[in-house]
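User: Hi! Could you take a close look at the ligand sites in this structure and walk me through what surrounds them?

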Amino acid sequence: MEIYNTACPRNCYSTCSFKVQVENNTVQKIEAQPLNKATPEGVCLKGLSYVERANSPDRILHPLQKINGKFEQISWDKAFEIISKKLIFFKSEYGSHSVLFYAASGMSGLLNDVSYNFWKLYGGTTTVYGNLCWPAGLEATRLTFGEVKHNVPWDLENARLIVLWGKNPAESNIHQMLPIEKAMQKGARLVVIDPRRTPSSEQTDILVQPIPGTDAILALAIAKIIIEDNKHNKEFVEKYVQGFPEFAQSLKKIDIEKASQECGVPVDFIKELAELIGTIKPMTLIAGYGMQRYTNGGQTTRALLALSIITGNIGKKGACWHYANLQSYVFDAVKEPENYYPAPEKDKPFRRAIPTALLGEKMLEIKNPELKMAWIERGNPISQNPDSNNTLKAFRKLDFIVVVEQFMTDTAREADIILPAKSMFEQSDIIGSYWNPYVQLKQKVVEPPGEVMPETNIYYRLAKTLNFKEEDIKNNIPEPNDKAIDAWLNKYLSRYDELSLDLLKKQPVLAPGLEEIAFSDFKFNTPSGKIELYSEQAEKIWNVNPLPTYEPLEEGHRGRQKPFPLSLMSPNTKNRIHSQFGNLQCIKALDPYPVVVISPQDAKPRNIKEGDKVRVYNNRGELFIKAKFDYSIRPGNVVIINGYWNTEGGTPNLLSKGRETDMGHGTAFHDNMVEIEKVIG
Ligand SMILES: Nc1nc2c(c(=O)[nH]1)N[C@H]1C(S)=C(S)[C@@H](COP(=O)(O)OP(=O)(O)OC[C@H]3O[C@@H](n4cnc5c(=O)[nH]c(N)nc54)[C@H](O)[C@@H]3O)O[C@H]1N2
Ligand SMILES: Nc1nc2c(c(=O)[nH]1)N[C@H]1C(S)=C(S)[C@@H](COP(=O)(O)OP(=O)(O)OC[C@H]3O[C@@H](n4cnc5c(=O)[nH]c(N)nc54)[C@H](O)[C@@H]3O)O[C@H]1N2
Ligand SMILES: [Mo]
């Protein structure tokens with residue numbers, strides 16, 4: 001038996017370090033790695049389920065071709081022959097932009113760049129810009145501070161006030177609960193602001209349940225009271241903040257009573273929040289990602305930012321704006337949200353880009369050339385992108401689809417060829433994290449099962465089949481062996497004296513240049529060099545108000561709700577990472593199918609009882625699932641967890657609209673109104 005150190009490459013805050021036990025080329029056990037101060041204990045449910053996942057009998061282990069609607073095993077040679085013929089044909093007949101290359105967040109790592117290298121050598125493709133996840137908040141933070149970073153996770157225990165605003169770490173970042181609990185043992189107060197009562201609010205002093213999408217007006221009302229009560233940090237705003245007087249002036253027109261009605265939070269609660277945030281220091285305000293998946297997500301995030309700024313809770317122990325910490329992405333361009341913008345000039349010959357938030361619609365629309373083929377890897381767009389019906393329609397219009405996958409997902413089922421994808425244990429790579437401040441090695445610990453090939457090997461073989469120039473292949477794609485991969489990774493690591501493969505095999509390493517307390521030098525990389533509460537860039541780039549403002553939702557505002565009166569949120573669960581893990585037996589035993597969570601108050605007039613089968617619908621689609629009562633959810637709101645496949649009962653994205661957020665080209669999944677009716681019989 002051997003034990004290896006590795007790290008989890010899922011798109012998740014925690015990005016845990018693990019110890020993996022391996023015997024007979026099989027993953028046997030996963031344990032926590034105490035050398036990582038952010039994730040020293042407590043492997044999550046998904047982490048534990050990797051033992052099943054790595055060895056699952058449901059894994060795709062060979063190339064498959066769809067023949068007369070059924071998948072049949074073919075050889076790799078045959079797969080490469082078919083795919084290369086198609087690639088040559090579409091390029092010569094319609095141009096290389098008739099091929100869509102779509103990759104999403106299923107597996108992180110530096111080697112993902114090799115995919116882009118391949119498609120550039122091919123001559124370029126159509127691809128996507130924007131992101132399904134976090135960019136509105138990322139861009140709001142960048143506009144404000146010039147960089148996206150926060151204090152190290154363990155600094156949270158120094159906070160005296162912790163505000164979890166639209167974040168549910170007890171499910172989505174379980175290791176964050178460790179410093180929260182420590183802080184509370186030392187007397188810190190915890191406030192949770194979420195339309196749902198989540199497991200994170202179990203120990204909270206105050207749970208505030210605003211109407212979804214109205215957090216900006218709540219935050220601005222709190223800011224108004226803090227400033228009127230003279231509780232803001234005058235010295236701080238004078239020295240470090242651009243636009244405080246304009247901001248204070250803009251709040252004059254806010255009426256607390258009306259604000260209270262708009263966000264559904266009683267005036268007394270707003271006052272209490274202002275008292276807590278205005279007086280308890282240091283405060284860490286933790287803004288989640290769910291809340292920025294609305295049409296007003298960027299401006300909402302800026303309104304929340306204002307509370308950290310006017311109280312001077314930046315750059316100190318226990319005092320921080322906590323959205324994402326990109327300090328461990330020492331090799332990635334992710335740091336600069338500009339990368340999410342449409343193809344920059346220099347990339348245009350290679351890249352024609354459509355917004356991922358409107359994937360289906362734009363795939364159908366785009367001309368000159370029309371799309372003929374798609375190559376999908378590390379993503380499950382049929383279940384995870386909004387507007388599943390249009391996405392499905394767009395996929396079915398294509399002539400040829402290749403999906404690189406581990407399992408038979410909704411997207412894989414649409415493929416003409418499926419290529420078997422590696423698991424995290426079958427190829428080494430370097431990963432960063434948006435919370436955990438370490439650079440980590442995700443280590444190869446077993447040989448891939450069956451005929452599985454990592455993407456880098458697939459591209460190498462395909463490049464050979466397509467007769468790409470030897471020199472180009474050598475410079476852009478590593479050879480298909482472990483030594484070449486290690487050498488490839490070492491090329492990156494050698495940029496930093498602190499990093500080497502040998503060291504990373506033993507332990508995670510704190511990111512070179514890491515600031516444990518972010519912005520403690522009070523230097524801000526913005527146009528003014530100050531924290532920009534007033535941001536000209538915000539107006540110039542995104543055409544929003546240069547000050548944080550409340551913008552009512554496009555679809556979900558209470559004035560516009562008929563004929564679909566219920567607002568649907570589709571957040572995350574501890575049981576899965578988006579569309580991953582839910583297919584495993586150990587997860588299915590706990591969480592077999594999607595349900596719609598509804599308040600009995602909304603269920604009664606619809607004659608719906610707990611457990612009834614219902615139709616959830618709007619003019620985009622419908623979903624037939626069971627109703628589950630929850631007395632703690634705000635009436636008027638319903639919840640369906642995202643990530644379920646259509647074969648597991650259906651994705652809430654059958655109901656969501658393809659729609660961008662106000663900044664960052666994010667995706668406004670939760671601005672989504674529905675109606676529910678009981679299904680008879
Ligand atoms: N177990 C697990 N962990 C995960 C993931 C996972 O799928 N499973 N996914 C990872 C990824 S990719 C991401 S992006 C993160 C996301 O993790 P979080 O940032 O925690 O995001 P969500 O679960 O989408 O939403 C968090 C909370 O926001 C609330 N919310 C929704 N709308 C509003 C609103 O208008 N106002 C307020 N105040 N709250 C609102 C929801 O009810 C939810 O409880 O988690 C990561 N970690
Ligand atoms: N309604 C609604 N929809 C949402 C959200 C929401 O809040 N509500 N949240 C959005 C968010 S925050 C995110 S991040 C996205 C996530 O959506 P995606 O980025 O599409 O990610 P996953 O659902 O995790 O699925 C990724 C797929 O990658 C596969 N995979 C894993 N490892 C590898 C590998 O090494 N190679 C290859 N080729 N494949 C691999 C997995 O098997 C899985 O099927 O979903 C978004 N969708
Ligand atoms: Mo995400």
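Analyst: Happy to; what follows goes through the surroundings of ligand 1, then those of ligand 2, and ends with a pocket. Please keep in mind that this is a predicted model.

Let's start with the empty space in the protein. The structure holds seven cavities of 30 Å³ or more. The largest cavity has a volume of about 690 Å³, and 48 residues line it, with Y13, N168, S172, R293 and N572 closest to its centre. This largest cavity is where ligand 1 sits.

Now to the ligand itself. Around ligand 1 there are 34 residues, and the nearest of them are D194, D215, Y289, Y294 and R576. Sorted by class, this shell has 14 nonpolar residues, 11 polar ones and nine charged ones. Domain 2 (150-323 + 521-542) and domain 3 (566-678) both contribute residues to the shell, so ligand 1 lies between these two domains.

Several backbone atoms come into polar contact with ligand 1. A polar backbone atom of R576 is 2.5 Å from a nitrogen atom of the ligand, so you may want to look at R576 in the viewer, as this residue is also listed among the nearest ones. For the oxygen atoms of ligand 1, a polar backbone atom of G213 is 2.8 Å from one oxygen, and a backbone N or O atom of G166 lies 3.2 Å from an oxygen. Taken alone, ligand 1 exposes 910 Å², and the protein buries 99% of that.Ligand 2 has its own shell, made of 31 residues, with S105, E405, E455, S579 and Q580 the closest. By class, the shell around ligand 2 divides into eight nonpolar, 15 polar and eight charged residues. Domain 1 (76-131 + 335-399 + 406-419 + 453-501) and domain 3 (566-678) both supply residues to this shell, so ligand 2 lies between them.

The polar contacts of ligand 2 listed here involve its nitrogen atoms, with both side chains and backbone as partners. A polar side-chain atom of S570 is 2.8 Å from a nitrogen atom of ligand 2, and for N653 a polar side-chain atom also lies 2.8 Å from a nitrogen atom of the ligand. From the backbone, a polar atom of R378 is 3.3 Å from a nitrogen atom of ligand 2. Taken alone, ligand 2 exposes 920 Å², of which the protein buries 98%.

Finally, the second largest pocket. About 590 Å³ of space lies in this pocket. Its lining consists of 26 residues, and E171, R196, V597, K628 and I641 lie nearest the centre. The lining of the second largest pocket divides into 12 nonpolar, six polar and eight charged residues. Domain 2 (150-323 + 521-542) and domain 3 (566-678) each give at least three residues to that lining.

Key: Residues are numbered from 1 along each chain as its sequence is written. Chains are lettered from A and ligands numbered from 1 in the order in which they are written. This is a predicted model: local features need pLDDT of at least 70, side-chain atom pairs count only at pLDDT 80 or more; totals for chains, interfaces and linings use all residues. Side-chain values use heavy atoms; hydrogens and water are left out. A residue is near a molecule or strand if one of its heavy atoms lies within 4 Å of it. A polar contact is a pair of N or O atoms within 3.5 Å; within protein, one must be able to donate a hydrogen and the other to accept it, and residues adjacent in sequence count only if both atoms are side-chain atoms. Accessible areas come from the Shrake-Rupley method with a 1.4 Å probe; for residues, only the protein chains shown count as cover. Ala, Val, Leu, Ile, Met, Phe, Trp, Tyr, Cys and Pro count as nonpolar, Asp, Glu, Lys and Arg as charged, and the others, Gly among them, as polar. Domain bounds come from an automatic or database domain assignment. On a 1 Å grid over the protein atoms alone, a cavity is a set of points where a 1.4 Å probe fits but cannot get out, and a pocket is an open set with protein on both sides within 12 Å along at least five of seven lines; lining residues have an atom within 4 Å of a point. Grid points are joined across faces, edges and corners, and a volume is the space filled by probe spheres set on the points. A molecule sits in a cavity or pocket if more than half of its atoms lie within 2 Å of its grid points.
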